[in-house]
Amino acid sequence: MLEKLKDRHNQMMIFFTLFIMILFMRLFILTIIEGNEYKKKADEIRIKKIPITAQRGEIRDRYGRPLAVNKPSFTVQIMKNELIDEKINGISVKLLNILQKNGEKYNDNLPIEIENEQFYYTFDKEIKDWIDKNKYFLEGVDVDRINNGEKLFNALRKNLEIDPKLTVFEAQSIMQKEHEIYPPISVKTMKFIPQMKKENFLKKYSLDKKLDAREAFFALKEKFKIPNSYSNDNTRKILIVRNELKDQGYRQYQPVKLAMNVNEKTIAEIEENNMDLPGVNIEVEPIRYYPNDNLASHSIGYLGKISDVEIEKYTKELGYLQSDLIGKDGIEHVFENELKGKDGAKYVEVDVYGRLVNTLRQEAPKKGKNIYLTIDTKLQKVAEDSLKHALEQIQKGGTFKSKWGDYKYSEAYPHATSGAVVVLDVNTGEVLALANYPSFDPNLFATGILSKDWKTLQGENPRDQLSPLPLFNVATKTAVQPGSIFKMITGLAALEGGMNPSQKLYDNGHIMLGGKSYGCWIWNDYHGKHGWVDLFKALEVSCNYYFYNVSTAWDHYKNKPLNIDMNVDKILKYASMFGLGQRTGIEISESAYGVPDPKRKMKSTENSLIRILRLKQKEYFKDEILQNEEEIENQIHEIAGWIKENPSRGTLIKRIEKLDVKEDKVVSLTDMIKYSYFNQSKWTKGDTFNLAIGQGEHSYTPLQMTNYIATLANGGYKNKVSIVRKVGEKNQSIMMKKDSKNKLDLKNDVNLSYVKQGMANVTQGEEGTGRRLFMNFPIKVAGKTGTAQKSGKIQPKDEVAYLNKHLKWIAPNIDRELLERKTNEYKEEYHDDGVAMRQAIKDITKGKVTNELMDRFKEDYDNFAWFASYAPIEKPQIAVVALAFQGGHGGYIAPVAKEIMAEYFKIEEEYDKIILKNTLVN
């Protein structure tokens, strides 16, 4: 036996046998005897990933100057796993009092507000605010009856004339892409998104979804056992913090960010009270910072919270946290993926309650890519400062102060409160400057914008179509008539059709068509005439009469045809060729509405008639038919469908009498339909006149107009516009100079030189409309002034206040008590105090006081002022186009272009060199 044990082979067998027995015994103990205990420990420990947000890539100008960067800031955080539930109430009140006292922004996602002891859901207000802001698209709709998303969606669909055969998803796409309307509706459920959020909020706390705001508030107070010793205001502070903690859920290991970018005074106060604020920590985190404040804000854009519409895309598909801020507009939005970078992570162990146990490892975040814009910061600042200065001086009839020569405004235009200017490199299509006024400071959005700050960025008067909107990019999104800066298109089309640029036509002042006068501006203002003019002189003095002639191929003074191939379609063909009404290709959001279409005029007029009949259905149709929405729609469309036939007035009266129209309204409805719509629906020679001089149905953005001028200047090469020069280290959008693929297909390129000579005459000619400003300027500039008429009245912010103020002149003998009583009656019908009062005045005066009489004390809109230019004349480098809303005259905005030219060409530096050279010689 002992001999066998001495055998090495047997020894190995015994060793492995014992080893396996011990192993099985240990396994038995771990799995059977102590298995439950270890299972419990395993269940209690989890490895969790805490994201570390990557720094956003920076946005810089073409020379690397910073436009949007990141800076360290102090963040107030609450660690849920360090809090004792009994102390949350006191900590919440004390912490929020410190933040409020120091004017800090903090996360307030509790959707119950209290104002004057009145409770309301922010969700309900969000829906109401959206409807109020978009009433323009809801003409003829009783908004008070819109109590669900489906009704709102259908009302918008009807008013926007979206094909009813399309699916709701297709209709939504058209609303967003073509009309830029984003109703707060989930088309899957046809519910208001804020309503769904409210239901989810109540469900989160197991509350009845039928509870109103007050009931929900006190239900939450009872749920969290908040003592009655706390006021409603302090109770709300407690609920704000508890709501943030609730949203954190199981993730107690993750800190709850309550306030970002707090100041040092706040930090010191929190540190002083740290014994009373357990679980409250201060961390240093990067936030977005815009070092130049408002500069180029519309191009850069701003950040914002992820909306409910975006939540699925960003959190589920792209891995964002719900608390992350994303780009909402401009470059920040378009290049969100590149700027975002790659988040890092800290891997930690947590217990079964989500409390932090141990930190395992950390992955460093990767910063996003830098975006380099084509903008020159210095030129951008000159553009913004000069635009602001010009508008301020135009408003008061002051003087534009400049080292290159002052410009005195002879007349004040107090409503010149908005404008834009665009500067393009004519050879590449790069945006060198893009300025809007008013603008905004994107720093307001860096950590989430306060409601009071948000209100300052909204229009002061939503009833005024031209009320300044700081967030709106006028340069890329506002399309208006171009006025006389369009005349180069008409002139070029005529030249291409065989017109001799030196052929002189006589300007006889005005042309009468069907009892209406179409006059040259010199006739309208002074009863003057330009006499004999050719193309060059016509552009120099901006002679309307000349362009009336060539647009219709008819010499109206001699009453004989011009031997050219020319009509309205040719004008519109060349407008399209130069990119007017089309997207320019710029990376940020822009609007484009196409060129006018004579064939579309009748359909457009028909749609306008449908909208006005819907709006005034209560005025014209019998009460009994108003209850039948389908039938009223059928009758409205039946009336509008007669537009192509345009029957006689007598025939119209007979037809309308057969419909459910009030007997006393048949004649007035007939006359409105016949003379304001049917007779205006066909394309006329007068329409062509208007288009030829940049009036009528034209609607183009300053950016489109600048690209058109750049195309003229560079010899007919239409470049794609770009505002991005480089993404990271990769070139993004630098154009090849004069790419043959972009060359316009003209019959004769020399025709461009004739048009450009006319533009040169504007600033260099003896009678040029821009001569006064540029005659002594060291750089030779080609230009064109433009004045575009804006029809309509400026609507007051408060219609009732306006009517009361002027009532003694509008209706001097009206019974005030009767007016008040009638107005109150109509309020229930019209749901608008102003409309109700106007209708009451009409009724009491039996129609003697018309809309025109009531509006006679309202101011008319002033003209749009345009100036288009490029320089130098010999070898063009840049194109500059400026626009002032209600700026009066085109020349009024021209000083902005001159300041930009001086900065771009470094005129001051050249002057300094000349002075220095002369000094050295002497």
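Visitor: How many helices and strands are there in the protein?
Guide: The protein has 39 helices and 29 strands. Keep in mind that this is a predicted model. Its C-alpha atoms fill a box of roughly 140 × 90 × 60 Å along the principal axes.

Visitor: What share of the residues count as buried?
Guide: Of the 922 residues, 50% count as buried. To get that label, a residue needs under 20% relative accessible area. As for the outside, the accessible surface comes to about 45900 Å², and 50% of that belongs to carbon and sulfur atoms.

Visitor: What share of the contacts in the protein is accounted for by residues 24 or more positions apart?
Guide: Those pairs account for 70% of the contacts with a separation of 6 or more.

Visitor: Why is helix α30 called largely enclosed?
Guide: Just count its residues: α30 runs over residues 685–692, and 6 of the 8 are buried, so the rest of the structure largely encloses the helix. The buried ones are G686, D687, T688, F689, L691 and A692.

Visitor: What do the buried residues of α30 pack against?
Guide: They pack against four helices by name, α19 (487–496), α22 (544–552), α23 (568–577) and α24 (598–615), and against the strands β20 (510–513) and β21 (516–519). Just after α30 comes G694, with a positive phi of about 85 degrees.

Visitor: Why does F19 count as partly exposed?
Guide: Partly exposed is what lies between under 20% (buried) and over 50% (exposed). F19 comes out at 45% relative accessibility, so it falls in the in-between class. You'll find F19 in helix α2, residues 8–33.

Visitor: Which residues make the nonpolar surface patch?
Guide: M12, F15, F16, F19, I20, L23, F24 and L27 make it, and it covers about 830 Å². A patch residue needs over 30% relative accessible area, and F19, at 45%, passes that mark.

Visitor: What makes K71 partly exposed rather than buried?
Guide: Buried would need a relative accessible area under 20%, and K71 has 30%, so it is partly exposed. This lysine lies in strand β3, residues 66–78. Beyond its neighbours within four places in sequence, K71 is in contact with N261, E285, P286, I287 and Y289.

Visitor: Why do K191 and E199 count as a salt bridge?
Guide: In general, side chains of opposite charge can pair when their charged atoms come close. The cut-off for a salt bridge is a nitrogen-to-oxygen distance within 4 Å. K191 and E199 meet at 3.5 Å, N to O, and that puts the pair inside. K191 itself is partly exposed, with a relative accessible area of 36%. By this rule the count comes to 43 salt bridges.

Visitor: What makes D324 and K340 a pair that ties parts together?
Guide: Their side chains meet in a salt bridge at 3.5 Å, N to O. D324 lies in the loop between α13 (311–317) and β11 (325–327), while K340 is in helix α15 (residues 336–340), so the bridge ties together parts 16 residues apart in sequence. Both D324 and K340 are buried.

Visitor: What makes K340 buried and D343 partly exposed?
Guide: The dividing mark is 20% relative accessible area. K340 has 11%, so it is buried, whereas D343, at 23%, counts as partly exposed. The two also form a salt bridge, with the closest N and O atoms 3.4 Å apart.

Visitor: Which residues are linked in a network of salt bridges?
Guide: R463, E799, R838, D855 and K858 are linked that way.

Visitor: Why does D464 have no salt bridge?
Guide: The nearest side chain of opposite charge, K790, is 7.8 Å away, and the rule asks for a nitrogen and an oxygen within 4 Å, so no bridge counts. D464 is buried all the same. Its side chain does reach the backbone nitrogen of L466 at 3.0 Å. D464 sits in the loop between α17 (451–456) and α18 (474–477).

Visitor: And why does K477 have no salt bridge?
Guide: Here D329 is the nearest side chain of opposite charge, at 4.6 Å; the limit is 4 Å, so this pair misses out too. K477 is buried and lies in helix α18. Residues that K477 touches, leaving out those up to four places away in sequence, include E180, S589 and T701.

How values were computed. Residues are numbered from 1 along each chain as its sequence is written. This is a predicted model: local features need pLDDT of at least 70, side-chain atom pairs count only at pLDDT 80 or more; totals for chains, interfaces and linings use all residues. Side-chain values use heavy atoms; hydrogens and water are left out. Patches are made of residues with over 30% relative accessible area and no salt bridge: like charges are joined within 9 Å, nonpolar side chains (Val, Leu, Ile, Met, Phe, Trp, Tyr) within 5 Å. Accessible areas come from the Shrake-Rupley method with a 1.4 Å probe; for residues, only the protein chains shown count as cover. Helices (H or I, at least four residues) and strands (E, at least two) are DSSP runs, numbered from the N terminus. Buried means under 20% relative accessible area, exposed over 50%, partly exposed in between (1.4 Å probe, protein chains only). Contact means heavy atoms within 4.5 Å. Lys and Arg count as positive and Asp and Glu as negative; His and the chain ends are not counted. A polar contact is a pair of N or O atoms within 3.5 Å; within protein, one must be able to donate a hydrogen and the other to accept it, and residues adjacent in sequence count only if both atoms are side-chain atoms.
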